[in-house]
Amino acid sequence: MSSTLLEVTRAAHEDVERLERLIVKDLQNDPPTTKDGLYQSHRVRNNIDTIISTTEKLVEIYDDKDNARKDEIAALGGQTATGVNVFSAFYDRLKEIREYHRKHPAARVVDANEEYEDLLKEEPVIEFSGEEAFGRYLDLHELFNQYINSKFGAKIEYSAYLDVFSQPHNIPWKLKSTRQYRKYMENLLEYLIYFFQRTEPLQDLDRIFSKLEAEFEEQWTNGQVQGWEKQGQENEDDPAQHTMIDLDYYSTVEELMEVGPEKLKEVILVLFDYVIIASQFVVVTPISSVLRNALAVLGLKTGGTVQQRAERLLLTKHTPLEKLDKKHFAKGSHGPQQNGSTAVSQDINSLKQIALVEAKMKKLCDLLSKTIEQTKENVVKKQALTYEEMEQERQEEETQVDTESDDEDQQIYNPLKLPMGWDGKPIPYWLYKLHGLGQEFKCEICGNYSYWGRRAFERHFKEWRHQHGMRCLGIPNTKNFNEITNIQEAQELWEKIRERQGVNKWRPDLEEEYEDKEGNIYNKKTYTDLQRQGLI
């Protein structure tokens, strides 16, 4: 029944609206755990992708490049080759509907809402390694091995690598033109993009990168890309750096080979004016590599020993390239201007692409800064644990996540906010009112500690907290001080008790002190008794 183009259009619009309502309903639910939140984000991402693809199909239908939609609308209006016949079109359509139901008598109406509601319970498949712990940490071990086994890297620990991998600007720029570094940066960027898409599926990474590329183009034009600043600006005060030499000053191969790679670089730069634009990107390499690059710029063969390459380069001193024997040129070469400019252009574009990859990688590191810090902490913590302890901790984390999810699923209905009983459920309301559990009692002697309920308040007078407070005040914790919670009231009551018991009267027999020859101190009564016995 939905074979017509208009019916397909209507169904597509219905699907888009239903998916939009489903996304709103899904986002209104607060996920109880991080894992559930990740599932929710991926469900929303999948629904958005479905909406985009459906919308693209609708755009194609409305463009109507083959006039199929226009013809179908005309047919519904009864327009035929012989003229307009509305009743004929109506009865033809009715006949088609009856024929369909005759062939499918058991056809039932399917509620699409039930099918879409099942999407809310879906748990998308998200691939994470064990080290990534479902998106909490990064797994950079493979890239770490590439780093420590490369020329631009260093022999460091994995924990130290987590601090430096996001700082490519600290690597010398002359090491960045190698194929090994380019491959490493591409692999690093590919992993970070893949990890970011798995942990942040709702982020629009294309928009982030498009904005970054616009800023990068401006910085690259002005020579302000970090780690790729123009070398001419760094050495503009040193005239020795700008000294250029010509092949006219060298007549033998030995003189040319004694110059060294730094000066040979300058020799290459003066061969043709157009090569000077690449001076800031030329890498200082061994003499053989420099000669190979020079010959490649000229379109000559680059093979052979260092001496053979120098001899081939000196041929250009007195003989124009057009008159050189073809055996000196590489296969497919068309002269220095064309081959040289192409090589330089490709070299600059290659370095620019590497710089752009670095910029994208830094941007992703900024977006994943929290995850990187958690990864560092996890690596440092794991260094102090054994394998058994790490496995036990992993199992405890999984159990804790499952327990939190179960607790959230079993939410307790407690609108009156009654205290919880021993079974984790609210106590009965009549018991709450009988014992006054809703009343708060504060005791200043206990440090303004609060006791909820009359029973707890009466019991606290025998507990250690109240006894310690009375001891600090110098007052005995007796039944006389029950119900007394104010410090001033307790002190006043203690003074009255002491006066009533005569504690404040002078008693010489007990309070008057005597000292013997050895320096021992006694009260009057004890001293007199010992003296009568002849012990003193």
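A salt bridge is taken here as a side-chain nitrogen of Lys or Arg within 4 Å of a carboxyl oxygen of Asp or Glu. By this criterion, the structure contains 17 salt bridges. The model is a predicted one, in which local features need pLDDT of at least 70 and side-chain atom pairs count only at pLDDT 80 or more, while totals for chains, interfaces and linings use all residues. Residues are numbered from 1 along each chain as its sequence is written, and side-chain values use heavy atoms, with hydrogens and water left out.

A good place to begin is the salt bridge between the side chains of Asp 26 and Arg 43, with an N to O distance of 3.1 Å. It links distant parts of the chain, since Asp 26 belongs to helix H1 (residues 5–27) and Arg 43 to helix H2 (residues 34–63), 17 residues apart. Helices (H or I, at least four residues) are DSSP runs, numbered from the N terminus. Both Asp 26 and Arg 43 are buried; buried means under 20% relative accessible area, exposed over 50%, and partly exposed in between (1.4 Å probe, protein chains only).

Other pairs lie within a single helix. Glu 186 and Arg 182 form a salt bridge with their closest N and O atoms 3.2 Å apart; the two are 4 residues apart in helix H8 (residues 179–199), about one helical turn. Glu 186 is partly exposed at 37% relative accessible area, and Arg 182 is likewise partly exposed at 27%. In helix H16 (residues 369–382), Glu 373 and Lys 376 are 3 residues apart, again about one helical turn, and their salt bridge has a closest N and O distance of 3.5 Å. A network of salt bridges also links Glu 7, Arg 10, Glu 14, Asp 15 and Arg 18.

Turning to the nonpolar side chains, the largest nonpolar core (buried Ala, Val, Leu, Ile, Met, Phe, Trp, Tyr and Cys residues joined through side-chain atoms within 4.5 Å) has 46 residues. Those touching the most other members are Leu 140, Tyr 161, Phe 165, Tyr 184, Leu 188, Leu 192 and Leu 364. Helix H8 gives the most to this core, with 10 residues. Leu 364 is in contact (heavy atoms within 4.5 Å) with Leu 189, Leu 192, Ile 193, Phe 196, Leu 205 and Phe 209, leaving aside residues up to four places away in sequence. Apart from this core lies another, of 13 residues, including Ile 445, Tyr 451, Phe 457 and Met 470.
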